Amino acid sequence: MLYVVAHGIDVDGLACHAIIERYACENDIAAEHYFVHHQEQGNDVTGVIDALENISSKFIDGDKILIADIGYNDALLNYFLEIYSEPLFKNKVSWYDHHKWPESVKDKVSSIVDEFIVDTDLCASQIVQNRFLAEDMYAKEIAKYARQHDQIDGKITDKDSYDLASMLQDVITSGYDKRKIVKTIADGQFLSSDFKMISQDYRTKIRPRAIEDMDSTITEYTMENNDLKTKITMALVPETLESKDVRAYLLDSEKKKEERDAIIAIWENGRIAYEIQDEKHRFIIDRLNKFYNGGGRGFVGGAKYDGDVDKIHYKQCFDDIIEIIRM
């Protein structure tokens, strides 16, 4: 059995799953997919440690585990080093990522896995594609679309690819069965007719209602840190909105960019996504990453809030997070 543990809420993560599924089918290997997002739970997206615990309970000699597009955090590292150092897993785990990892941590993981590749110049699905389907032109296309959606180059360089990937993101965010998405992509249809209809419905009906709900919770904060005045915007986000979309929406005009130095989005399951506009506000990401065991890349980060987050308690959550930044 090939166990695939990879990000489960965006195009790059689902592309990793699909490319590995395509590889597994071509080589007559059974694959079981775990769609994960750090320690988040709900809507068939399980936490990384939860997934690895599930796998370790049924892992047998001959099985392999592939982990992809999962950023570093202390809790995951500590768990992984403790459990996966056991002889049963020796040379049976491979890890592929494009998030920033401390060099000392990379050395520790490398010492107990079969293969460990971290390349911040690529998206995760490009790493996986290069490793497993290097000559497969369709797999290259999948990874190209994912790269555009992840905007590894800092901007969109191929609008057609970005638009296709964005439509797939609509399908992912809509709640459509992720296993069906992976199977459809792996079989050669990046955007099936069903996917196109789902995307259209999402854009015309689901997303506008969700944006309206989110807008009603937007709260603005201003704080000073070492004579630096910082304007922070926070919002409670419905599950039917995706992180990149939310971050772009909250910063999607020159006026918003002038009024918002940082944005922090919180979902009801406790997931937090944050983005800053300038290096001088790096302290926000550093403090949130440290306190909430988060991670990320560039000016963007993500973590998990442990308290209640809903339309009754969200302002308390906002205040708690602001206090952490002020510390």
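1. In this predicted model, helix α5, which spans residues 124-132, lies across the three strands β3 (64-68), β4 (93-97) and β5. Relative to β4, helix α5 runs at about 135 degrees, and it may help to find this helix in the structure before turning to the strands beneath the following points.

2. The strands that α5 lies across, β3, β4 and β5, belong to an open sheet of 5 strands, whose order is β2-β1-β3-β4-β5 and whose pairing is parallel. The edge strands are β2, at residues 31-36, and β5, at residues 115-118, each of which pairs on one side only. From one strand to the next, the twist averages 10 degrees. As background for a reader new to sheets, strands of a sheet pair through backbone hydrogen bonds, and they may do so in either a parallel or an antiparallel way.

3. The pairing can be followed strand by strand, beginning at the edge strand β2. Strand β1, residues 2-7, runs parallel to β2 and is joined to it by 6 bridges; within this pair, V4 has H33 of β2 as its bridge partner. Strand β1 is also joined to β3, again in parallel, by 5 bridges, and here V5 stands opposite I67 in β3.

4. Strand β3 deserves a point of its own. Besides its pairing with β1, strand β3 runs parallel to β4 and is joined to it by 4 bridges, with I67 having W95 as its bridge partner in β4. Strand β3 is mostly covered, since 4 of its 5 residues are buried.

5. Turning from the sheet to a pair of helices, α1 (residues 11-26) packs with α8 (residues 178-186) at an angle of about 60 degrees, and their axes are 8 Å apart. Because of that angle, α1 counts as oblique to α8, and the crossing of the two helices is right-handed. On the α1 side the contact is made by L14, H17, A18, E21, R22 and C25, which meet K178, I181, V182, K183, I185 and A186 of α8. By kind, the residues of this contact divide into 7 nonpolar, 1 polar and 4 charged.

6. The last point concerns a single residue, S199, which has its place in helix α9, residues 193-215. Is S199 buried or exposed? Its relative accessibility is 2%, and because a residue under 20% is classed as buried, S199 counts as buried. When its neighbours within four places in sequence are left aside, S199 is in contact with M167, D170 and V171.

Methods. Residues are numbered from 1 along each chain as its sequence is written. This is a predicted model: local features need pLDDT of at least 70, side-chain atom pairs count only at pLDDT 80 or more; totals for chains, interfaces and linings use all residues. Side-chain values use heavy atoms; hydrogens and water are left out. Two strands pair if DSSP finds at least two bridges between them. Axes are lines fitted to C-alpha atoms, for helices over the stretch in contact, and angles run from 0 to 180 degrees between N-to-C directions. Contact means heavy atoms within 4.5 Å. Buried means under 20% relative accessible area, exposed over 50%, partly exposed in between (1.4 Å probe, protein chains only). Angles under 35 degrees count as roughly parallel, over 145 as roughly antiparallel, 65 to 115 as roughly perpendicular and the rest as oblique. A crossing is left-handed if the near helix is turned anticlockwise from the far one by less than a right angle, and right-handed if clockwise. Ala, Val, Leu, Ile, Met, Phe, Trp, Tyr, Cys and Pro count as nonpolar, Asp, Glu, Lys and Arg as charged, and the others, Gly among them, as polar.
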